[in-house]
Amino acid sequence: MWLYLTPSRRLLSLRRSLIQYRSITLENSARKAAVDKVISPFRSICGKDNVSLGEAIREQHGKDESVHRCRPPDVVVFPRCVEEVSALAKVCHDHNLPIIPFGTGTGLEGGVGAVQGGVCFSLRNMDQILNLHPEDFDVTVEPGVTRKALNAYLRDTGLWFPVDPGADASLCGMAATSASGTNAVRYGTMRENVMNLEVVLSNGTVIHTAGKGRRPRKTSAGYNLTNLFVGSEGTLGIITKTTLRLYGVPEAMVSAVCSFPSVQAAVDSTVQILQTGVPIARIEFLDDVMIDACNKFSSLSYPVTPTLFLEFHGSEHSLEEQVSTAEEITQSNEGSDFQWARDAETRNRLWKARHDAWYAAQALRPGCKIIVETKKDLLESRLTGPIAGHVGDGNFHCLMVVDPNDPDELHQVHLFTERLARRALAMDGTCTGEHGVGLGKRVLLCEEVGPLAIQVMKGLKDSLDPRNLMNPGKILQRGEL
Amino acid sequence: MSGRVLVGVKRVIDYAVKIRVKADNTGVVTDGVKHSMNPFCEIAVEEAVKLKEKKLVKEVVAVSCGPQQSQETIRTALAMGADRGIHVEVSGKDYETLGPLQVSKIMAALAKKEDAQLIILGKQAIDDDCNQTGQMTAALLDWPQGTFASEVTLDGDKIKVVREIDGGLETIKINTPAVLTADLRLNTPRYATLPNIMKAKKKKIANVKPADLGVNLTSRLEVLKVEDPPQRQAGMKVETVEDLVGKLKEAGKV
C-alpha cells in the first residue's frame, strides 16, 4: 500500500506513523506507571495470592479459542465476590486502566484480548449457584459456573438450561456474548433466557438490571437494561450474576439422521418441518465435505451427501407424531430413510459426527487452525470449506481450515470471510449469529446496523463508560469513540 | 429370570462440592452442603430400570440406609423408574459409624425378606471409596458376584458380566441370584424429568429399622482423625542436571 503513495505523501504517512508510534509509546509508559501504582491496592482488596503479574498467567488470560493472537493484560486479578470486583474496578477507574472481564476464555472472536493492556478480571473464583426456584423455573449463577456444571447441579430437579454452545462456557460469559447453541430453534438463545443481571460498571457501581433478586417471567417495567448488557461483550460492565430461565427436561428424546441428494432438498425439508409447526429441538445441517471429514475422523460410514441431523423432544406420544410428520416431509424431498436413536448412548454416537465437526475439519489438513465464519445463505455458496450449522436458525458455520504460518493464505481466507459475511448482510442477515463482534467484525457491524445506529451505540457506551475502560477495542472501533 | 431387583442408593455429598474438613478434624463439613445420589448408585438404578424396560425383571426396589434425608435419594431413584422404596432408618451416632459391613448385613437381610433375585449396587461410594459393600453382601448371602460391571447380559438363569479389571476386560458367567456392582461405563443414567418426579411422589417408600431386620449396627472401626492432604509446595527451577542431582541428594531422595 505504502509504495502507491507519491514521495511527499510517503513522507506525510511516515510522519503520521511516527507520531502514532510515539503516542502509543507514551500511552504505554503512562499505563505501566499506573499499573505499578495499583498492585498494592489490588493486593489489599483481594489478597496477595489473587493478583498475578506472572507472564504465563497473563498470557493465558490474553487469548481465547479464536485465531486472534494473544494480547496479554498487564495484570490479572481473581476477585472472590462482587464487593471485591467493585472495589477493584474503582481502583482501575481512578487510574484510567482498561478492565477486561474473563470467564472461561472459550470465546471465538478474540473478545478477551487486552489490546490496550490493562487489568484482566478473571472471575473463576466466583462459582456459586444461588437461589434455585424449581417451581418458578429460575436460578441465579455467578461467572465461575459453566453450563455443564449448572446442568449437573440441576440433575435431580427435572430441570435444565438448554443453551449449549460447543464449549463448556461460563454462563455469565454466554450472557456477555449472547451465545446460542444447537437447540436454539426450540429453546432460544441467551437473549430470550436471561432474566436479570448483576453488573459492575467501570466506576465500581453495582446495578441489577431488573432489580435486586427479581425474577419475573415477564415485565414491562422501564427500559430493558437486561438485554442491553446481553451481548455487550464486556464493553459496558462486568457481569457478576445472571438469573436464567430453566426448562423441564424432556420426557423422551429421539434423534435421527437423514441424507439428501442435494443441499436444496435438505433446506426445503427444514423449512417445511418448521412450517408444519413440529417443535423440533435440533436440526443441524452438514454438507458433503463435512460428512466426508466426519466419516474419516470418527470412523463412521454416512453417505457422503448433504445431511440433516434432527432431534425431537417431548412425551412418548408427541414424539411419535413429530417423527412421523418429519419423516413424511423428508421422504417427499427425496431424503433417505431415517437412522434412529432413542437411548442416550446411541443418540450420543449418532451426534458424535456433528460434535466432532470442528476436529474433523481440522483433520482434513493436519497442522492447520480454523477460522469459523457464519453464513446465512447456503444456496449461493461457492465455498470450499466444509459447512456445518444450525439450519433451523438459518445459521451456518463455514469451517475454513487455514495454515496459520502462511500469511498469504490467511489474507485470502480473511478476504473470503468478509465476502461471506457481506453476502449474509445482503440477504437481510447478520454478520454474527452467535459468537459476537469482538475484534474481527467491527467493520462488518457498521455495515450491518448503519452509522446512525452506531452513533446510538456510541452514545450508550459513552454514558455507561465515559473513559472507555471496559474492554476497549471491541464491538465499536477506535475512531467511533 | 423374572423377579425382584434390589438397588442400593447412598446419599453422599455432591461430587461437584469442594470438601472441607471440620475444624476439630473429626470429619468433613456436611451441614448446608449439597448432597445427592452417589454417581455409581445412579448407574446401578439405571441398569435396573433398563432391565425392567426390557421385561427381564418384574420389580425394582430402591433401598437407602440413613437419616430422614435419605428419602430424597430414594425419591430420585423412583423418578428414574424404580417401583418402590425401602428406607432403613439409621441416624445420629449409628449413622456416623455406618459402614459397608453394616450396610451389607442390612442388604442381605432385605434380600431374604423381599425374595430378591438380583442386587445391584454402585461399585463404591464417592465419600469413603470403600468398594466393599457389594462383595460383603454377596459373601453374607453366599451368592456369586459380578463386580466392576461394564456390561451385563441376562442369559436364562445365568448372567454374563463383563468386568473392568486392571489388565483390561474380563467376562464371567454367574448363576442367579447374584450381586452386581456397577462401574462407570455400564450405562449413562437418565435425568429425572418433571413428569416422572411427579409420578414418583405417589410411589411407596416403606420405613424399616435395622433392629427389625435383626442387624446389629455396632461398628468395629473408630475414626481417629480426618485431615486435609498436605499443601502443595512451590517447585524450584535449577540450571543444570548436576544442580538437580545435588538437590535430590540434599533432600535425601537419592
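Buried area is the accessible area, taken with a 1.4 Å probe, that two parts lose on being put together, summed over both. By that yardstick, chain B and chain A of this predicted model bury about 1400 Å² between them. Carbon and sulfur atoms give 51% of this area. Three residues deserve an early introduction: B:Lys34, B:Tyr191 and B:Leu194 supply 34% of the area that chain B buries against chain A, more than any other three residues.

Counting residues gives another view of the interface. On one side 17 residues of chain B take part, and they are in contact with 16 residues of chain A. Between the two chains there are 3 salt bridges. A salt bridge joins the side chains of B:Glu42 and A:Arg155, with 3.1 Å from N to O. Polar contacts across the interface link 6 residue pairs, with both partners at pLDDT 80 or more.

Which elements of chain B give two or more residues to the side that touches chain A? They are strand E3 (35–37), helix H1 (39–53) and helix H6 (194–200). Helix H6 of chain B gives the most, with 3 residues. In character, this side of chain B is mixed, as its residues divide into 7 nonpolar, 5 polar and 5 charged.

Turning from the interface to chain B as a whole, the chain holds 7 helices and 11 strands. Its C-alpha trace spans about 70 × 40 × 40 Å along the principal axes. Of the 254 residues in chain B, 45% are buried. Among contacts in chain B with a separation of 6 or more, 70% are between residues 24 or more positions apart.

A record adds a name to part of this chain. In an unreviewed entry, UniProt lists residues 25–217 of chain B as "domain: Electron transfer flavoprotein alpha/beta-subunit N-terminal". Over residues 25–217 the chain is 32% helix and 30% strand, and the C-alpha atoms at the two ends of this stretch are 24 Å apart.

Helix H7 of chain B, covering residues 241–250, offers some local detail at both of its ends. At its start, a side-chain oxygen of B:Thr240 reaches to within 3.4 Å of the backbone nitrogen of B:Glu242. What follows helix H7 in chain B? The helix is followed by B:Gly252, and the phi of this glycine is positive, near 75°.

Key. Residues are numbered from 1 along each chain as its sequence is written. Chains are lettered from A and ligands numbered from 1 in the order in which they are written. Side-chain values use heavy atoms; hydrogens and water are left out. UniProt positions are given in the numbering used here, feature names are shortened, and annotations may be inferred rather than shown by experiment. Helices (H or I, at least four residues) and strands (E, at least two) are DSSP runs, numbered from the N terminus. Contact means heavy atoms within 4.5 Å. A salt bridge is a side-chain nitrogen of Lys or Arg within 4 Å of a carboxyl oxygen of Asp or Glu. A polar contact is a pair of N or O atoms within 3.5 Å; within protein, one must be able to donate a hydrogen and the other to accept it, and residues adjacent in sequence count only if both atoms are side-chain atoms. Ala, Val, Leu, Ile, Met, Phe, Trp, Tyr, Cys and Pro count as nonpolar, Asp, Glu, Lys and Arg as charged, and the others, Gly among them, as polar. Buried means under 20% relative accessible area, exposed over 50%, partly exposed in between (1.4 Å probe, protein chains only).
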